[in-house]
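This report describes a single protein chain for a reader who has not met it before. Please look over the sequence and the structure before reading on.

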Amino acid sequence: MPDMDDAYANGAYIDGAAAYPPRWAEEAEAFRQALGPRARLGLSYGPSERMALDHFLPEGEAKGTLIFVHGGYWLKFDRSYWSHLAAGALAQGWSVTMPSYDLCPDVRIAGITQQIAQAVMAVADGSMGPISLAGHSAGGHLVSRMLAPGMLPASVMARLTHVMPISPVSDLEPLLQTVMNAEFGMDTVMAQAESPVHQPKPPVPVTVWVGGEERPVFLDQARWLAKAWDADHVITEGEHHFNVIDALADPDSDMIRRLTTAN
């Protein structure tokens with residue numbers, strides 16, 4: 001039987017993995033400072049302290065809003081690590097919103113899904129125009145779950161122009177065999193219910209994105225979702241789980257082009 005803890009251990013197979021989080025945090029802080037009043041920080045969307053988001057404004061009127069949901073296996077990180085990734089969409093005239101959410105084991109994964117739905121609805125209520133969603137790793141799972149029937153109001157679904165799960169976890173059942181499940185508290189029924197691969201094909205353009213140098217299980221997870229939804233499937237050669245998101249900061253990247261093109 002495969003060792004699922006090893007299979008889902010990303011950092012163990014990335015050179016210099018420990019340096020990434022502090023570098024992300026430093027770049028994100030510098031980005032927020034440079035943006036000044038165009039960085040609206042700590043806006044509440046729900047009752048808990050972590051149910052808050054940062055909203056970054058472009059110069060001039062926004063053409064749309066990109067919502068980015070961070071990863072960390074539903075166990076760690078918050079919005080403050082990723083602010084610099086807003087640069088690409090801002091340069092294309094889109095505003096960018098990044099929510100935090102409560103973490104396991106304080107809540108279950110299903111509870112986090114509901115929090116992100118609240119965040120998306122709050123953003124929709126406070127903005128006009130198209131909305132795109134991108135999420136990385138566990139965040140890729142969470143933005144995929146937004147496309148489940150009935151998760152978002154029809155009026156919000158109608159505004160979604162693109163959804164991009166980046167290196168997503170799309171089938172949660174393998175995680176039942178990891179030590180992390182002590183924090184998740186999932187059983188088979190719960191894992192299946194929270195797995196986007198079991199959702200019907202959504203009525204919104206989807207690109208499932210993954211780095212070519214990622215762990216085999218993440219290549220599998222991306223392929224499973226793309227196949228289940230008959231979605232676009234992009235594999236970027238030479239990129240691993242930690243740097244596959246760098247393209248979000250590049251206004252000329254294909255990733256940003258897809259996310260900021262209103263249909």
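The text below covers the overall chain, its two largest pockets and a few individual residues.

**The chain as a whole**

The model is predicted. Its secondary structure comes to ten helices and eight strands. Along the principal axes, the C-alpha trace spans about 55 × 40 × 35 Å. A compact globule of 263 residues would have a radius of gyration near 18 Å, and the 17 Å of this chain agrees with that.

Of the 263 residues, 57% are buried. The chain exposes about 10900 Å², and carbon and sulfur atoms supply 53% of this area. Among contacts between residues at least 6 apart in sequence, 77% join residues at least 24 apart.

**The two largest pockets**

Rolling a probe the size of a water molecule over the atoms shows where empty space is left. The table lists the two pockets by volume and lining.

| Pocket | Volume | Lining residues | Nonpolar / polar / charged |
|---|---|---|---|
| Largest | about 380 Å³ | 22 residues | nine / ten / three |
| Second largest | about 270 Å³ | 17 residues | nine / seven / one |

In the largest pocket, the lining residues nearest the centre are His55, Thr65, Val123, Gly126 and Ser127. Four elements give two or more residues to the lining of this pocket: strand E1 (39–44), strand E2 (52–56), strand E4 (95–99) and helix H4 (109–125). Strand E1 gives the most, with three residues.

In the second largest pocket, the residues nearest the centre are Gly72, Tyr73, Lys76, Phe77 and Phe242. One charged residue belongs to the lining of the second largest pocket, whereas the lining of the largest pocket has three.

**Backbone features in the loops**

Most residues other than glycine have a negative phi, and most peptide bonds are trans. Which peptide bond here is cis? The bond from cysteine 104 to proline 105 is, with omega near 5 degrees. Proline 105 lies in the loop between E4 and H4, and both of these elements give residues to the lining of the largest pocket.

Tryptophan 74 has a positive phi, near 60 degrees, in a residue other than glycine. Its place is in the loop between strand E3 (65–69) and helix H3 (87–91). Is tryptophan 74 buried or exposed? Its relative accessibility is 0%, so tryptophan 74 counts as buried.

Serine 137 also has a positive phi near 60 degrees. This residue lies in the loop between strand E5 (131–136) and helix H5 (138–145). The relative accessible area of serine 137 is 4%, and buried means under 20%, so the residue is buried.

**Proline 174 and its contacts**

Proline 174 is in the loop between strand E6 (160–166) and helix H7 (181–184). Its relative accessibility is 12%, and therefore proline 174 counts as buried. Which residues does proline 174 contact, leaving aside its neighbours within four places in sequence? They are Met4, Tyr8 and Gln221.

Aspartate 5 and proline 174 are 169 residues apart along the chain, and their C-alpha atoms are separated by 9.8 Å.

Conventions:
Residues numbered from 1 in each chain as written. Predicted model: local features only at pLDDT ≥ 70, side-chain atom pairs only at ≥ 80, totals over all residues. Heavy atoms only, no water. 1 Å grid on protein atoms, 1.4 Å probe; cavity = no way out; pocket = protein on both sides within 12 Å on 5 of 7 lines; lining within 4 Å. Points joined across faces, edges and corners; volume = space filled by probe spheres on them. Nonpolar A, V, L, I, M, F, W, Y, C, P; charged D, E, K, R; others polar. Rg over C-alpha atoms; globule rule 2.2 N^0.38 Å. Buried < 20%, exposed > 50% of the residue type's maximum accessible area, 1.4 Å probe, protein only. Contact = heavy atoms within 4.5 Å. Areas by Shrake-Rupley, 256 points an atom, 1.4 Å probe, with all protein chains shown as cover.
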